[in-house]
Amino acid sequence: MDRARPLLPSRRHLLKGAALAAVPHALLPATRVDARPQAVDYPAAEWQPASSSNYTASSRPTSYSVDRVVIHVTQETYASTLAIFQNPKKEVSAHYVVRSADGHVAHCVRESDVAWHAGNWDYNTRSIGIEHEGWVDKPAYFTNALYEQSARLTAAICDRYRIPKDRAHIIGHYEVPGTDHTDPGPDWDWVRYIRLVNFA
C-alpha cells in the first residue's frame, strides 16, 4: 500500500453522497434486515444472538414442554459470556444473560429453541437458562439490580409457560442431575430471589 499519497474522494463522489443523504429514507431501496431482533421473547431484553452452532433449533413448547428455569452464574464477565456464546466452537449457550452492574438483560437464544446450558439434554429441552454475570465466590456481583431484573425476567417466563414460582421449578445449575457445577453457589439468596419473582 502506498502511504505517500492518500486517496481523496472526488468532488463528484462527495456530491453524490450529499444527494443521497438528502433523499428521504422511505425512497431508498429496502435493505435486508434480520427481523428476529425486533421480536425478542422478553421485551426488556436486548437481542445478542448466540451462534447457531451453540443451540438446537426447536419449536418449544410444541416440541418439548417448558417447566423449569435454571439459574446460572457465568464465572466470566458479561461481555466475555456473550463472546463465548457467539463463538461457534464453544458449544454452549443460555437463553438470557443478566449484567451485574445494572441488571441489563441480553437475550441470546429464542425460548422456542433449546439452549445448551444445563449439561443434561432432558433439562435443556424443558428449561429456560438464565446466566448471571459474576463468580460463585464473589457475592458482590449479586447486586440489587441483578436480583430485581432477573426476578422480573423469571416471573415473565413462569407466567408465559405456567411454571410455578417455587424452588421446585426455579432451580440452580447445581441441582441438574449429573452436573458437576456449583452455581449459583452458596451466596445466592434463594429466599430473596423467589420472593422477588413472586412479587414481580
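Biologist: Over which residues does pLDDT stay under 50, and how many contacts beyond four places in sequence does the model have for them?

Modeller: This is a predicted model, and pLDDT stays under 50 over residues 1-37, for which the model has nine contacts beyond four places in sequence. Across the protein chain the average pLDDT is 87, and 81% of the residues score at least 70.

Biologist: What makes up the protein chain, in helices and strands?

Modeller: The protein chain holds five helices and eight strands, and read from the N terminus they follow the order α-β-β-β-α-β-β-β-α-β-α-β-α. Of its 200 residues, 42% count as buried, while the chain exposes about 11,400 Å², with carbon and sulfur atoms supplying 54% of that area. Among contacts between residues at least 6 apart in sequence, 73% join residues at least 24 apart.

Biologist: How many aromatic pairs are there, and why is the pair of W188 and W190 called edge-to-face?

Modeller: A search of the whole structure finds 10 aromatic pairs. For W188 and W190 the ring centres are 6.2 Å apart, which is within the 6.5 Å limit for a pair, and the planes stand at 65°, which is over 60 degrees, so the pair is edge-to-face. Ring pairs also link W188 and W190 with F142, Y147 and Y193 into a cluster.

Biologist: How do you know whether W188 and W190 are buried or exposed?

Modeller: The cut-off for buried is under 20% relative accessible area. W188 has 3%, so W188 is buried, and W190 has 12%, so W190 counts as buried as well.

Biologist: What makes you say that a charged end sits over the ring of W47, and over the ring of Y123?

Modeller: The distance part of the criterion asks for a charge within 6 Å of the ring centre. The charged end of R110 is 4.1 Å from the centre of the W47 ring, and the charged end of R126 is 5.3 Å from the centre of the Y123 ring. The criterion also asks that the charge be within 35 degrees of the ring normal, and both R110 and R126 are counted as sitting over their rings.

Biologist: Which residues touch the most other members of the largest nonpolar core, and which elements give two or more residues to this core?

Modeller: The core has 29 residues, of which Y96, L153, I157, I170, W188 and Y193 touch the most other members. The elements that give two or more residues are β3 (68-73), β4 (96-98), β7 (127-132), α4 (144-161) and α5 (190-199), and the largest share, nine residues, comes from α4. Leaving aside residues up to four places away in sequence, L153 touches Y42, Y96, V98, V105 and I130. Apart from this core lies another, of 11 residues, among them A50, Y55, F85 and A115.

Biologist: What makes Q86 a partly exposed residue, and what does Q86 touch?

Modeller: Partly exposed lies between the 20% and 50% cut-offs, and Q86 is at 34% relative accessibility, so Q86 counts as partly exposed. Q86 lies in helix α2 and touches Q48, P49, A50, S51 and N54, not counting residues up to four places away in sequence. The C-alpha atoms of Q86 and A50 are separated by 4.5 Å, although these residues are 36 apart along the chain.

Biologist: Which peptide bonds are cis, and where do P61 and P184 lie?

Modeller: The peptide bond from R60 to P61 is cis, with omega near 5°, and P61 has its place in the loop between β2 (55-56) and β3. The peptide bond from D183 to P184 is also cis, with omega near 10°, and P184 lies in the loop between β8 (170-172) and α5.

Biologist: What is the phi of Q75 and of R162, and why is R162 called exposed while Q75 is called partly exposed?

Modeller: Q75 is not a glycine, yet has a positive phi of about 60°, and R162, also a residue other than glycine, has a positive phi near 55°. Q75 lies in the loop between β3 and α2 (78-86), whereas the place of R162 is in the loop between α4 and β8. The relative accessible area of R162 is 77%, which is over 50%, so R162 is exposed. Q75 is at 35%, between 20% and 50%, and therefore counts as partly exposed.

Methods: Residues numbered from 1 in each chain as written. Predicted model: local features only at pLDDT ≥ 70, side-chain atom pairs only at ≥ 80, totals over all residues. Heavy atoms only, no water. Helix = DSSP H or I, 4+ residues; strand = E, 2+ residues; numbered from the N terminus. Buried < 20%, exposed > 50% of the residue type's maximum accessible area, 1.4 Å probe, protein only. Contact = heavy atoms within 4.5 Å. Areas by Shrake-Rupley, 256 points an atom, 1.4 Å probe, with all protein chains shown as cover. Phe/Tyr/Trp six-rings, centres within 6.5 Å; stacked < 30°, edge-to-face > 60°. pLDDT = per-residue confidence, 0-100. Core = buried A, V, L, I, M, F, W, Y, C linked by side-chain atoms within 4.5 Å.
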